[in-house]
Amino acid sequence: MPSEDLSPRVITLGTAGGPRWWSSRTGRHRHGIATAVQVGEAFYLVDAGLGVGRQLERAGLAFDDMRAMFITHLHSDHTVDIPSLLLMGLYERDTRAADPIRIIGPGNRGALPPVSDRAETPPAPVCPENPTPGTAEMVGSIVQAYATDFNDRVLDALRPSPLDCFAAEDIRIPEGIGYHPNDNPTPAGMAPFEIYRDELVAVTAVLVEHPPVAPAFAFRFDTAAGSVTISGDTTATDNLVTLACGTDLLLHEAIDFDWVRARYGDSPAEADLASIDHHRRSHTSPEQAIGLAERAGASRLALHHLVPGNTPARRWEDLGDRFAGEFLIPDDLDSIPFTRKDAGIHTSPIKVGA
Ligand SMILES: [Zn+2]
Ligand SMILES: [Zn+2]
């Protein structure tokens with residue numbers, strides 16, 4: 001019997017960033033940010049943006065082959081379809097599956113972010129009794145919110161309980177690195193730390209800079225044949241360079257700051273100026289992403305979490321000759337190998353799915 005092909009790859013399920021539906025009048029439609037890291041039959045999901053369940057199906061990835069789900073940070077464009085994965089995943093899971101799918105993400109922020117200097121009067125937070133829940137609390141609240149449906153499925157249709165199918169947990173930030181959500185959300189010089197391991201992958205993380213979000217993580221998957229590093233949402237951050245050192249593929253977010261200027265620039269409204277502040281402090285230009293990939297010595301750089309999500313690809317692609325390695329602007333459902341070059345099997349990206 002032939003041995004299983006364990007050459008690793010990512011499948012870009014969704015490549016748009018931002019909590020938006022992004023008009024597709026330009027003819028280009030990108031789904032919300034979500035990435036599958038595939039090793040043999042098994043895969044690992046990073047972020048659950050808009051449309052992720054449908055995109056898994058179009059990519060031909062069987063739900064039960066998902067080993068774990070990783071959430072970089074709790075912004076809605078990365079988490080909005082967790083409910084659909086929990087609810088519709090019940091019908092995709094083999095009822096004999098022994099182990100729950102782990103959902104691994106940031107813990108409770110622990111403190112509200114500061115109010116913008118541009119606020120004329122301080123806004124009232126929502127849910128002041130627990131204003132910054134983490135991943136485990138969020139998943140628990142989703143199950144509670146849909147308990148009527150879940151109990152129909154479990155009691156009447158004898159589907160497995162979501163509590164048996166999924167196990168959410170918060171990432172524990174190492175002690176002693178000086179982390180604080182408002183005063184020091186991205187401790188300089190921190191060492192990558194392990195958050196997951198099985199026989200196929202080891203996953204490590206660092207804190208990245210995406211204020212006011214805290215914690216916000218980048219993840220690196222190391223396999224026997226190669227590595228991929230996924231930036232999450234971040235401005236240009238030295239910790240990311242540390243994590244991505246020598247990586248075979250860096251998937252980095254990118255924003256078009258010309259679009260930000262055009263979208264908000266002439267408006268005097270304080271809310272618009274606050275949005276511009278956020279984009280400048282919290283995201284990365286394609287030129288900056290190229291600089292980070294060079295510093296890390298990445299073999300391949302692919303830009304994703306593209307903002308805006310409906311810009312023609314050539315606007316990004318035109319920058320490619322500035323990067324010494326291979327530069328990619330993936331569409332949704334591209335399959336990008338990340339086998340080490342010295343392994344002698346450096347294959348090209350292909351399209352998957354319908
Ligand atoms: Zn985002
Ligand atoms: Zn974000």
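**Figure 1. Contacts of Arg 159 in the predicted model**. Leaving aside residues up to four places away in sequence, Arg 159 touches Leu 90, Tyr 91, Arg 93, Thr 95, Arg 153 and Val 154, where contact means heavy atoms within 4.5 Å. This is a predicted model, in which local features need pLDDT of at least 70 and side-chain atom pairs count only at pLDDT 80 or more, while totals for chains, interfaces and linings use all residues; side-chain values use heavy atoms, with hydrogens and water left out. Residues are numbered from 1 along each chain as its sequence is written, whereas chains are lettered from A and ligands numbered from 1 in the order in which they are written. Arg 159 lies in the loop between α5 (147-156) and α6 (162-165), helices (H or I, at least four residues) and strands (E, at least two) being DSSP runs numbered from the N terminus. With a relative accessibility of 19%, Arg 159 counts as buried (buried is under 20% relative accessible area, exposed over 50%, partly exposed in between, with a 1.4 Å probe and protein chains only). The side chain of Arg 159 reaches the backbone oxygen of Leu 90 at 2.7 Å, and a polar atom of that side chain lies 3.3 Å from the backbone oxygen of Arg 93.

**Figure 2. The site of the zinc ion (ligand 1)**. Asp 77 (OD), His 78 (NE2), Asp 233 (OD) and His 305 (NE2) coordinate the zinc ion (ligand 1) at 2.1 to 2.2 Å; donors are N, O and S atoms within 2.8 Å of the metal (3.2 Å for Na, K and Ca), and sites may look incomplete, as water is not among the atoms. The angles subtended by the four donor atoms run from 91 to 166 degrees, and the arrangement is therefore irregular. Four donors count as tetrahedral if all angles lie between 85 and 135 degrees; four count as square planar and six as octahedral if opposite donors are over 155 degrees apart and all others between 65 and 115, and anything else is irregular. Along the sequence, the donor residues of the zinc ion (ligand 1) are spaced D-H-x154-D-x71-H. Asp 233 lies in the loop between β10 (227-230) and α7 (238-243) and His 305 in strand β12, so this pair ties together parts that are 72 residues apart in sequence.

**Figure 3. The site of the zinc ion (ligand 2) and the bridging Asp 233**. His 73 (NE2), His 75 (ND1), His 210 (NE2) and Asp 233 (OD) are the protein donors of the zinc ion (ligand 2), at 2.1 to 2.3 Å from the ion. This site, too, is irregular, with angles of 92 to 162 degrees among its four donor atoms. Along the chain, the donors of the zinc ion (ligand 2) follow the spacing H-x1-H-x134-H-x22-D. His 75 lies in the loop between β4 (66-70) and α2 (76-79) and Asp 233 in the loop between β10 and α7, so these two donors tie together parts that are 158 residues apart in sequence. His 75 is partly exposed, with a relative accessible area of 26%, whereas Asp 233, at 2%, counts as buried. Asp 233 bridges the zinc ion (ligand 2) and the zinc ion (ligand 1), which lie 3.4 Å apart.

**Figure 4. The surroundings of Asp 47**. Asp 47 lies in the loop between β3 (42-46) and α1 (52-58). This residue is buried yet has no salt bridge, the nearest side chain of opposite charge, that of Arg 30, being 15 Å away. A salt bridge is a side-chain nitrogen of Lys or Arg within 4 Å of a carboxyl oxygen of Asp or Glu; Lys and Arg count as positive and Asp and Glu as negative, while His and the chain ends are not counted. The side chain of Asp 47 does, however, make a polar contact at 2.8 Å with the side chain of His 78, a donor to the zinc ion (ligand 1). A polar contact is a pair of N or O atoms within 3.5 Å; within protein, one must be able to donate a hydrogen and the other to accept it, and residues adjacent in sequence count only if both atoms are side-chain atoms. Residues up to four places away in sequence not being counted, Asp 47 touches Ile 33, Ala 34, Thr 35, Phe 70, Ile 71, Thr 72, His 73 and His 78.

**Figure 5. Backbone at His 305 and Leu 333**. His 305, in strand β12 (residues 300-307), has a phi near 50 degrees, a positive value in a residue other than glycine, and is buried, with a relative accessible area of 2%. Leu 333, in the loop between β13 (326-328) and β14 (334-337), likewise has a positive phi, near 65 degrees, and is buried at a relative accessible area of 5%.

**Figure 6. Cis peptide bonds in the loop between β8 and β9**. The peptide bond from Pro 211 to Pro 212 is cis, with omega near 5 degrees, and Pro 212 lies in the loop between β8 (202-207) and β9 (217-222). A cis peptide bond also joins Ala 214 and Pro 215, with omega about -5 degrees; Pro 215, too, is found in the loop between β8 and β9.
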